[in-house]
Amino acid sequence: MAQVHAHMQDYEAHVRAVEEDLEYYRTKRLEPRILYLHRRGIVTLYDILRAFARLAPDAASAPPAGAASQDLAQRIRALEDGLDEYVRGIALTTIEVGGQPLPIEETRKERGDYDPFFRIAKKPHGGSLEERIARLEQDLRDYTLLLQAFTRALVETGAVTEAQLAEQRAALTGRGAWNGARIVARAWVDPEFKHALLTKGREAVRELDIPPGRLGKLGVAENTETVHNVVVCTLCSCYPYDLLGDTPWWYKHDTYKERIVRDPRGTLEEMFGLKIPPTMEIRVHDSTSDVRWMVLPRRPAGTEGWSEAELARLVTPESLIGVSEPLSPDQLAAAPAAPAVRQPRGY
Amino acid sequence: MADETGQFAVGDRVRVKTANPDGNPRTPAYVRGKTGVIAAVHGVIANPLDHYGLYPPLYSVVFTVGEVFGGASRDQLWVDLHEDWLERA
């Protein structure tokens, strides 16, 4: 068992990531949407209550997934899987409701991005690792039940059709950080593609049979010998997630957002261990949502003659944001089991 | 995708308004009142998934970290700002 989970060295880091992400998706994605629809009488809390009563009757009393296991690594893994499921479920319900578009901007207002009055409190963390895991298991179960009841209420009230859900489910399978790895690898081997990517953005990725998405424009910031790019959204957490999948939890965290603009060089080194030589300029791209930025990292040394598929394995989600370089051939050799971009959380 | 490019061009110096109650809210507080240089012109971007209607033309405006937060850093902040927040400096 120790061997199987040898890669899960730092339990605390895994638990922290689940805590941060779970509260983020609850308070920023799901609950503002529920409150928005409730306030307007489109899908009310009472619709959700009725739908909940019709869910499997034992749903509310079943023990949280993974809680029976004694093995911490297994319980954390179950939490990560449950979180992925929760995030996917929220994305599934983030669609046009009642034939009315519900742009992201409305959600930003509803959740208090511009007015603290509307902010939904996040739960405080703390306690021993075991206590934190037990609390997460309970929270994840409760949050998932609300999501399930909400999803059911959307359909039962006629606000959303089964066909819409099926269409959204299909769209979600096409996004993910693996897209970013393939895009970067193609740009490293094909100058014409790189030029199209830098000038046309999203439209260029059709060549790779990747659904380009349509959340504004895709901005591509190319790293060079003299310029290192890094991406942030200080106002919320904009990212081309419809194309590249969701970002790691720290991207959405105030610590990163506040520090990276005030001291990019120090933040890259202290938070991510990335030392940029003093001769290189750092450019921080702060997004407004109309242009969503990704970094095109530099091709690592020692990869001459590599195939596109091999190169793609060097690209990490962090390197698409600009807080790390892609893996070196040696680093890849040290972790050969999986591609550098595991099918990422969420999508 | 609309392609109006607006009144500023790459290299123009612009000042970010300190407040713009009628405008969209997507301008970070730390650049309000600061002066920067247009580095990229993105035009009017149709983005119906994100917001109703069209926002004014968008620009990437460059500031140095030192100018915005003090200190000697010449590292750059490329902030995407809509035209209704900008005036010629």
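User: How is the radius of gyration defined here, and what is the globule rule?
Analyst: The radius of gyration is taken over C-alpha atoms, and the globule rule is 2.2 Å times the number of residues to the power 0.38. This is a predicted model, in which local features need pLDDT of at least 70 and side-chain atom pairs count only at pLDDT 80 or more, while totals for chains, interfaces and linings use all residues. Residues are numbered from 1 along each chain as its sequence is written, and chains are lettered from A and ligands numbered from 1 in the order in which they are written.

User: So what radius of gyration does chain B have?
Analyst: Chain B has 13 Å, which agrees with the value near 12 Å for a compact globule of 89 residues; the C-alpha trace spans about 40 × 25 × 20 Å along its principal axes.

User: And which elements does chain B run through?
Analyst: From the N terminus on, the order is β-β-β-α-β-β, where helices (H or I, at least four residues) and strands (E, at least two) are DSSP runs numbered from the N terminus.

User: Switching to chain A, is Ser289(A) buried or exposed?
Analyst: Ser289(A) is buried, because 27 other C-beta atoms lie within 10 Å; buried means 20 or more such atoms within 10 Å, exposed 12 or fewer, and partly exposed in between, with C-beta atoms placed from the backbone. Ser289(A) sits in the loop between β3 (281-286) and β4 (291-296) of chain A.

User: What is Ser289(A) in contact with?
Analyst: Leaving aside neighbours within four places in sequence, Ser289(A) is in contact (C-beta atoms, placed from the backbone, within 7 Å) with Gly216(A), Cys238(A), Arg26(B) and Asp50(B).

Methods:
Two residues are in contact if their C-beta atoms, placed from the backbone, lie within 7 Å.
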